[in-house]
Amino acid sequence: MMVLAIETSCDETAAAVVAETGDARRPWQIRSSVVASQAAIHREWGGVVPELASRQHVRDICGVFEAALGEAAVTVDEIGAVAVTQGPGLVGSLLVGVAFAKALAWSLGIPVVPVHHLAGHIESLTLAHGELPLPAAVLVVSGGHTSLYLISEPGQYRLIGRTRDDAAGEAYDKVAKLLGLGYPGGPAIDRVARGGNDRAVEFPAARLTHADRNDPRATAAGLLPAEVARRIDFSFSGLKTAVLRLVRERTGAAPAGKAAATGSAGAALPPSEVADICASFQRVVVETLLDRTFEAARWLGARSVGIAGGVSANTRLRADAEARGARVGIPVMIPPIALSTDNAAMIGAAGLRRFRDAGPGSWDFNAEASLPLELR
Ligand code: KG4
Ligand code: ZN
């Protein structure tokens, strides 16, 4: 079977055709994957403007869909199901994809499969590398999420740790903005950090020792000792504030609270200092992500580690993860860059997994801005 997949959760309009291979170890193959990025539109505003994003999805979706069919050299009649991101994401953006997918599937008389965006990121690993050696500890690290999952059975995602505040990608984007590096911040910091000294500044790495009172769901309850479960959560807002404080000190910018936090005071710093700050910030983010992921993997007896989501495109995260995996003798799976950041091929893969496990589900699902990903 072939699925046509649609992804519009944030600022990329994406469509893809993904086919089943019949090979259980490497179950899916990408026939086409088309992404129309809105980065140039949002750059002007320093971040994603939800209303502009929804409007641009409406403009782009038909062309992106047609391009995906064209690149795959298939006609709509050959498509067996439509998979679409249901959430989480910007609700106006999601709605465009969900409405398009339902209308398309209905008109063709084929099923529509709602897909969780993070299940898509997780399945980008199997799409690229084949079924993971299980159990697997998979870190999904993107602009909206920093979540660690345990996968014991294919398609069963158990949340074991997540950020208590900012996502790692969000921290990248905010720090880049503060340093005047523009949007999106992750690729900019990745590039600039290469010319900096990663020991120039000793930024603090947040250590979580307290239970999360805001979220009574004990993520790793029963799987890990309570002490370890806490340590495996993430926090990046303190690091972001430490960068802000340093930039204020170095530029003499007034501590104007929120106003300073949203400005680009660091643009006044010499480029070598900006590079040092980027490299030092990135070292802490990458070490934190990998320390916790590998610690969880060790406790859980994982046979592989996966890293997916937009931040998995990061050069240093990729290199350090591979090195650590080699050191402790555990295979590390990371998608190729085109499957790290948002795309529809991963939604097609997760859609096929879900369709084969649970059938298509009902027609009355809606776009959901927040949607937990737990055991299905
Ligand atoms: O998965 P994604 O495309 O969208 C979400 O689901 O959020 O992730 C986007 C995030 C952004 O925060 C972006 O700055 C970050 O991924 N990102 C990177 C890199 N490329 C994208 N962060 C660090 N280094 C990169 N090379
Ligand atoms: Zn994403």
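Here are a few friendly questions and answers about this predicted model.

User: In what order do the 5 strands of the open sheet lie?
Analyst: The pairing in this open sheet is mixed. Its edge strands are β3 (28–37) and β5 (112–116), each of which pairs on one side only. Reading across from one edge to the other, the order is β3-β2-β1-β4-β5.

User: Which residue in β2 is the bridge partner of Ile6?
Analyst: Strand β1 covers residues 2–7 and strand β2 covers residues 12–20. The two run antiparallel and are joined by 6 bridges. For Ile6, the bridge partner in β2 is Ala15.

User: What angle does the direction of helix α2 make with that of β2?
Analyst: Helix α2 spans residues 50–72 and packs on the sheet, where it touches β1, β2 and β3. Its direction and that of β2 make an angle of about 30 degrees.

User: Which residues coordinate the zinc ion (ligand 2)?
Analyst: In sequence, the donor residues follow the spacing H-x3-H-x220-D. Their distances to the zinc ion are 2.0 to 2.1 Å. The two histidines use NE2 and the aspartate uses OD, and the residues are His117, His121 and Asp342.

User: Which helix holds both His117 and His121?
Analyst: These two zinc donors are 4 residues apart, about one turn of the helix. The helix in question covers residues 117–129 and runs at about 90 degrees to β5. Both histidines lie in helix α4.

User: Are His117 and His121 buried or exposed?
Analyst: A residue counts as buried when its relative accessible area is under 20%, and as exposed when it is over 50%. By that cut-off, both His117 and His121 are buried.

Definitions and conventions: Residues are numbered from 1 along each chain as its sequence is written. Chains are lettered from A and ligands numbered from 1 in the order in which they are written. This is a predicted model: local features need pLDDT of at least 70, side-chain atom pairs count only at pLDDT 80 or more; totals for chains, interfaces and linings use all residues. Side-chain values use heavy atoms; hydrogens and water are left out. Two strands pair if DSSP finds at least two bridges between them. Contact means heavy atoms within 4.5 Å. Axes are lines fitted to C-alpha atoms, for helices over the stretch in contact, and angles run from 0 to 180 degrees between N-to-C directions. Donors are N, O and S atoms within 2.8 Å of the metal (3.2 Å for Na, K and Ca); water is not among the atoms, so sites may look incomplete. Buried means under 20% relative accessible area, exposed over 50%, partly exposed in between (1.4 Å probe, protein chains only).
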